[in-house]
Amino acid sequence: MATKTRAYGKRGNDNIVLQLERLNIRSPQKASQGEERRPPRIANENTGRTPERPKSKKNKKHRKSLIFDQCDNIKIVNVDSKTTRHLDLLTCLSEVSTAVLDFADWFRVWTSHCNFIKIAQGTYGAVFRIESKAEPGTFTIGKLMPLRAPSGFGSKTKEFTAPGAGRNEVLLLSRLDELPGFVQFRKAEILQGAVPAVLQAASAEFDAAHGDDITTWWSRACSNATQLWLFLEMTDAGTDLEAVIANQVQFRPRTLNPQALTILEIRDVFWQVASALALAEQKFEFEHRDLHLGNICLTLAKDTVSDSGHALWTNKASILVTIIDYTLSRACVSSSVKSPTYSDLEKDPALFEGSGLPQYDVYRDMRSELEGNWASYRPRTNVLWLHHLLATLLKNADTYRDPEQNQLARDLADLKQWMSESSEDKTLRNAQDVVRYCEKNGHNGPPEVERASE
């Protein structure tokens with residue numbers, strides 16, 4: 001494609017936060033903001049149970065776990081000194097339990113209060129939606145990741161998460177949750193043991209229904225009695241965009257077209273993702289680096305669906321967007337450490353060898369942009385993913401539109417073309433440039449995003 005340069009707004013010292021404030025985009029309401037999160041626990045040699053954490057670990061306030069008051073008496077596993085040192089990168093964080101918990105006992109406590117449903121299987125772990133038995137309809141999300149062992153089985157399995165990589169994900173979850181558009185963190189725990197049979201059965205049922213073919217390493221980890229696990233709990237961000245487009249789930253009322261997003265919804269989704277990335281770039285030098293549609297979750301905004309099931313196009317966005325999964329992300333999130341948190345993707349060459357989906361081209365384009373230096377800050381990777389997002393959304397757009405929506409469709413198609421051209425000649429530097437252009441040319445979404453408190 002021939003490249004040419006097009007104007008996309010001022011390049012001065014515009015502060016993206018001020019720009020978004022002018023658009024009145026507000027942070028999500030935090031229902032438990034004023035409440036202290038219960039400190040994680042450490043083992044007592046005499047009781048094998050969990051007394052208070054030493055006060056030397058400062059705890060950041062987060063939303064409470066779904067079973068906040070039920071975790072006092074989970075059995076502790078006494079691991080050897082080699083394993084303790086191996087886990088130090090994780091356990092030194094205030095967000096992570098110091099003790100290693102017995103998986104079977106941990107699961108017994110959880111399942112006495114909650115039901116687990118597997119909703120996703122990723123390269124590095126499984127994701128479960130967990131519903132409270134006492135309050136049906138109240139959910140939390142759990143991500144279960146096998147950790148590499150210090151030696152022996154699982155110590156070199158690439159699909160298992162190294163403690164350093166687990167630390168990176170916890171730090172990113174913990175720091176990014178203060179920004180609108182990012183999932184809100186609850187807690188992290190380290191477990192040891194085989195996965196309980198009930199949970200294995202749920203995984204097998206999901207894998208069979210979805211045709212997943214990545215269960216070999218997963219099944220081996222599940223049956224290993226000494227396997228270490230990292231469990232991450234976070235708020236429920238809704239339904240992933242990939243499943244919505246594939247019509248695998250009932251996202252909206254039946255009276256709305258379940259097979260495609262409207263052009264207004266596409267505008268809302270794209271604008272919120274671009275805005276969230278722009279803010280994260282400015283505050284944390286953030287690059288997501290894996291922003292395929294499965295890592296963008298949707299919920300219907302508060303008061304945007306009428307009794308008849310038709311969307312109410314008011315001044316509030318119709319869809320609320322949350323960006324998830326920072327396994328491959330890069331950011332500067334630690335005030336005490338100058339080096340960034342990132343994953344060296346050169347260690348996973350298979351990531352760049354995939355075919356059949358447009359996202360694999362994005363991985364290769366990122367690699368070309370980074371030139372093998374994954375620690376460096378190259379926010380143009382966010383632009384690559386934004387272009388991928390918009391192109392995929394427009395490809396799956398609903399064709400029924402009124403005249404105003406037809407004009408919006410043409411505007412968004414022009415935006416996609418401009419992003420492609422500006423990305424190729426590298427005049428488009430980051431998500432902040434995209435937001436500036438959208439604001440200047442009227443492609444941004446409704447002026448207010450309201451999130452219902454939990």
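These are my notebook entries on a predicted model, covering its salt bridges, some of its strands, one buried valine and two unusual backbone angles.

**Entry 1: salt bridges**

I began with charged side chains. Side chains of opposite charge can pair when their charged atoms come close. For this model I noted a count of 15 salt bridges. I looked up three of them.

The first pair I looked up was E169 and K143, with the closest N and O atoms 2.8 Å apart. E169 sits in helix α5, residues 163–176, and K143 sits in strand β5, residues 139–147. The two residues are 26 apart, and I wrote the pair down as a link between distant parts of the chain.

Are these two residues buried or exposed? E169 has a relative accessibility of 3%, so I entered E169 as buried. K143 has a relative accessible area of 9%, and K143 is therefore buried too.

K143 has another partner. I found a salt bridge between D325 and K143, at 3.3 Å from N to O. D325 is in the loop between β10 (319–323) and α10 (358–370), while K143 is in strand β5, so this bridge ties together parts that are 182 residues apart in sequence. D325 has 24% relative accessibility, which I wrote down as partly exposed. I recorded K143, E169 and D325 as a network of salt bridges.

**Entry 2: a pair inside one helix**

Next I looked up D361 and R364. They form a salt bridge, with 2.9 Å between the closest N and O atoms. Why is about one helical turn the separation here? Both residues belong to helix α10 and are 3 residues apart, so about one turn of the helix lies between them. D361 is partly exposed because its relative accessibility is 42%. R364 is also in the partly exposed class, at 29%.

**Entry 3: strand β7 and its partners**

I then went to strand β7, residues 228–234. How many of its 7 residues are buried? I noted 7 of 7, so the strand is mostly covered, given that buried means under 20% relative accessible area. L228, L230, L232 and M234 point one way from β7. W229, F231 and E233 point the other way, and the residues of both groups are buried.

Which strands pair with β7? One is β5, which pairs with β7 in the antiparallel sense over 7 bridges. In this pairing K143, the residue from my first entry, stands opposite L232 of β7. Another is β6, residues 185–192, which runs antiparallel to β7 and is joined to β7 by 7 bridges. I picked out I190 there, and its bridge partner in β7 is L230.

**Entry 4: a sheet of three strands**

I looked up another set of strands. The order is β8-β9-β10, an open sheet of 3 strands with antiparallel pairing. β8 (239–240) and β10 are at the edges with a single partner strand each, so each has one side without a neighbour in the sheet.

Between β8 and β9 (residues 296–300) I found 2 bridges, with the strands running antiparallel. One residue I checked was T239, whose bridge partner in β9 is L298. Helix α9 packs on this sheet and touches β9 and β10. The direction of α9 makes about 35° with that of β10.

**Entry 5: V269**

I wanted one residue from helix α9, and I chose V269. This helix spans residues 263–284. V269 has a relative accessible area of 0%, so I entered V269 as buried.

Which residues does V269 touch, leaving out those up to four places away in sequence? I listed L241, L298, I319, V321 and L393. L298 is the residue that I had noted as the partner of T239. I also looked up C297, which is 28 residues from V269 in sequence and 9.6 Å from V269 in space, C-alpha to C-alpha.

**Entry 6: positive phi**

My last check was on backbone angles. Most residues other than glycine have a negative phi.

E285 is not a glycine, yet has a positive phi of about 50°. I placed E285 in the loop between α9 and β9. E285 counts as partly exposed because its relative accessibility is 33%.

D325 came up again here. Its phi is near 60°, a positive value in a residue other than glycine. D325 lies in the loop between β10 and α10, and I had already entered D325 in the salt-bridge network with K143 and E169.

Key. Residues are numbered from 1 along each chain as its sequence is written. This is a predicted model: local features need pLDDT of at least 70, side-chain atom pairs count only at pLDDT 80 or more; totals for chains, interfaces and linings use all residues. Side-chain values use heavy atoms; hydrogens and water are left out. A salt bridge is a side-chain nitrogen of Lys or Arg within 4 Å of a carboxyl oxygen of Asp or Glu. Helices (H or I, at least four residues) and strands (E, at least two) are DSSP runs, numbered from the N terminus. Buried means under 20% relative accessible area, exposed over 50%, partly exposed in between (1.4 Å probe, protein chains only). Contact means heavy atoms within 4.5 Å. Two strands pair if DSSP finds at least two bridges between them. Axes are lines fitted to C-alpha atoms, for helices over the stretch in contact, and angles run from 0 to 180 degrees between N-to-C directions.
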